[in-house]
Amino acid sequence: KIRKFGTEFYYCHNVCRGGAIQFFGTKHHHDKWLRDTENYLIKGCFAMTELGHGSNVRGIETITTYDSNTGEFVINTPCESAQKYWIGGAANHATHTIVFSQLNINGTNQGVHALIAQIRDADGNVCPNIRIADCGHKIGLNGVDNGRIWFDNVRVPRENLLNSVADVSPDGKYLSAIKDPDQRFAAFLAPLTAGRVNIAVNAVYQSKVGLAIAIRYALTRRAFSLKPKEPEVLLLDYPSHQRRLLPLLAKTYAMSFGANYLKMLYVKRTSQSNKIIHVVSSSFKATFTWSNMQILQECREACGGQGLKTENRVGHLKAEHDVQSTFEGDNNILMQQVSKALFAEYMAAQKPNKAFKGLGLEHMNKPCPVIPSQLTTTTLRYSQFQMDALCLRERDLLNRFVAEVSQCQAKGESKEHAFIMSYQLAEDLGKAFSDRTILQTFVEAEATLAAGSLKVVLGMLRSLYALNCLEDGAYLRYGYLSVENAATVRREITKICSELRPHALALVSSFGIPDAFLSPIAFNWIDANSWSSAQH
């Protein structure tokens, strides 16, 4: 569950496990288990990660074998690195778990599969042949009791195998309509996309909370006078403070449009759209969570000493959500997956009578955009120029990435090794894809508005987001912008920040965040720190 504006992203482990049964299981699992998970008679957890394996799910070491004499699966932790680790809800509360393991049938490893296993009885006592320990205190999110689990030849009924992709017959035959192990593994993990969608969307909500607090504080906190006997200046009236916060505000608006697009992709998903959902959710999960950390840190610093107080929430939010960069897929690895997917699209488009179609790459079929030698305000604020500039970067980086990987392969290296060696281009390409996709969702949302003041302000936000993307080092590194044009972009960003300053309060108020989810410094922070309040 996600509380839209809440303090925490409370990834409800009962619902997570219920979701796992819904997606990985079939009707008899749904009938037997789902009602009890919803009524909290069963408190579940999701045991995929191990001490020795996180992102590499395919390499997990927990082993499950099948005993055809008893019709049971036997789950075992063969070594310390195979202990289940970071399992939310396991340390104190969960009664059952979805355990992921290597399924070994008649001496053949059929790959990773999931089963339901009971780990505690109704009174909270740990079940026989199960060992559980706490993961210990964390830098944040300590409201979740992350635990470790060891299985010592734990037996579970054959029916507890979640069999939407594959099954085992009573006499021990492995059954699956998907014969290719790679395709079977991909189908098996497809439901996990929901986690990345939730995390990406939640990161945007937390960025909104942080910015609402920091900007409201900057609209009431003063520091220094420009002339003797004059009032001190509001923080947000300093161009430097505007430059710190307002581009991040524009970025958050852009991510919000991107998040809406991702949610609709997921809600309307079909078997044909699985690929685009995987790529976009991987890209947005990485981009939004990284951005959230950047935004919350800048907001924390922009609030000065008050940003350190837990009650003012910004620093606390940062500690609570730091984990988002590495759970449900390490961000760097997710971005590499994005680049690999773009590589595959490129290679497919090289076949006769084939063109780029999907993932927003249709721009690759058109002539390459050209950035003018001299940029003006009019050009910089033109949405088509902005889209062209982001498409140019994505296009060139994809060409470079394919060329570098192909050169490595020509020297006899495997494709996987070539990808690894091209990691820098892969990172730049993943970011370029994400930025271009986000801007596209912004432009499309803006196009739905009739002319008027709202569209003007959104246009300024869109321009600020796009020009902020142009400040990415790739534009100078690969020669897309001259040094002079890069300086022009920088000056234009400062100018737009000044124009957005009068709208700052309205822009954060439009997030619709209830007052209770903000903090004292977002309101009357002097009263909140008065002597009378200290007595309470």
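This report describes the overall build of one protein chain and then turns to several individual residues.

**The chain as a whole**

The structure is a predicted model, and its chain contains 18 helices and 11 strands. With a radius of gyration of 26 Å against the 24 Å that the globule rule gives for 536 residues, the two values are close, so the chain is as compact as a globular protein of that length. Taken along the principal axes, the box filled by the C-alpha atoms is roughly 90 × 75 × 40 Å.

Of the 536 residues, 51% are buried, and the accessible surface of the chain amounts to about 24700 Å², with 54% of that area belonging to carbon and sulfur atoms. When contacts between residues at least 6 apart in sequence are considered, 71% of them join residues that are at least 24 apart. As for charge, the chain carries 58 positive and 49 negative charges, and the mean positions of these two sets are 5 Å apart.

**Division into domains**

The chain is divided into domain 1, which covers residues 2-172, and domain 2, which is assembled from the segments 194-352 and 376-511. Taken over C-alpha atoms, the centres of domain 1 and domain 2 are separated by 36 Å.

**Two residues with positive phi**

Leu-141 is not a glycine, yet its phi is positive, at about 60°. The residue is placed in the loop that runs between β7 (130-134) and β8 (147-151). Because its relative accessibility is 16%, and the limit for a buried residue is under 20%, Leu-141 counts as buried.

Asn-353 likewise has a positive phi of about 60° without being a glycine, and its position is in the loop between α8 (331-349) and α9 (377-380). At 85% relative accessibility, Asn-353 lies over the 50% limit and therefore counts as exposed.

**Three further positions**

Ala-20 belongs to helix α1, which spans residues 13-24, and with a relative accessible area of 4% this alanine is buried. Leaving aside residues up to four places away in sequence, Ala-20 touches Gly-25, Phe-46, Ile-98 and Leu-162. Ala-20 can also be set against Ala-114, from which it is 94 residues apart in sequence, while the C-alpha to C-alpha distance in space is 9.2 Å.

Phe-327 is located in the loop between α7 (314-321) and α8, where a relative accessibility of 26% makes it count as partly exposed. Its C-alpha atom is separated by 9.4 Å from that of Gly-195, a residue 132 places apart from Phe-327 along the chain.

Gly-479 sits in the loop between α14 (474-477) and α15 (483-500), and this glycine is exposed, having a relative accessible area of 53%. Between the C-alpha atoms of Gly-479 and Val-209 there are 37 Å, the two residues being 270 residues apart along the chain.

The three pairs are collected below, with the separation along the chain set beside the C-alpha distance.

| Residue pair | Separation in sequence | C-alpha distance |
|---|---|---|
| Ala-20 and Ala-114 | 94 residues | 9.2 Å |
| Phe-327 and Gly-195 | 132 residues | 9.4 Å |
| Gly-479 and Val-209 | 270 residues | 37 Å |

How values were computed. Residues are numbered from 1 along each chain as its sequence is written. This is a predicted model: local features need pLDDT of at least 70, side-chain atom pairs count only at pLDDT 80 or more; totals for chains, interfaces and linings use all residues. Side-chain values use heavy atoms; hydrogens and water are left out. Helices (H or I, at least four residues) and strands (E, at least two) are DSSP runs, numbered from the N terminus. The radius of gyration is taken over C-alpha atoms; the globule rule is 2.2 Å times the number of residues to the power 0.38. Buried means under 20% relative accessible area, exposed over 50%, partly exposed in between (1.4 Å probe, protein chains only). Contact means heavy atoms within 4.5 Å. Accessible areas come from the Shrake-Rupley method with a 1.4 Å probe; for residues, only the protein chains shown count as cover. Lys and Arg count as positive and Asp and Glu as negative; His and the chain ends are not counted. The place of a charge is taken as NZ of Lys, CZ of Arg, CG of Asp or CD of Glu. Domain bounds come from an automatic or database domain assignment.
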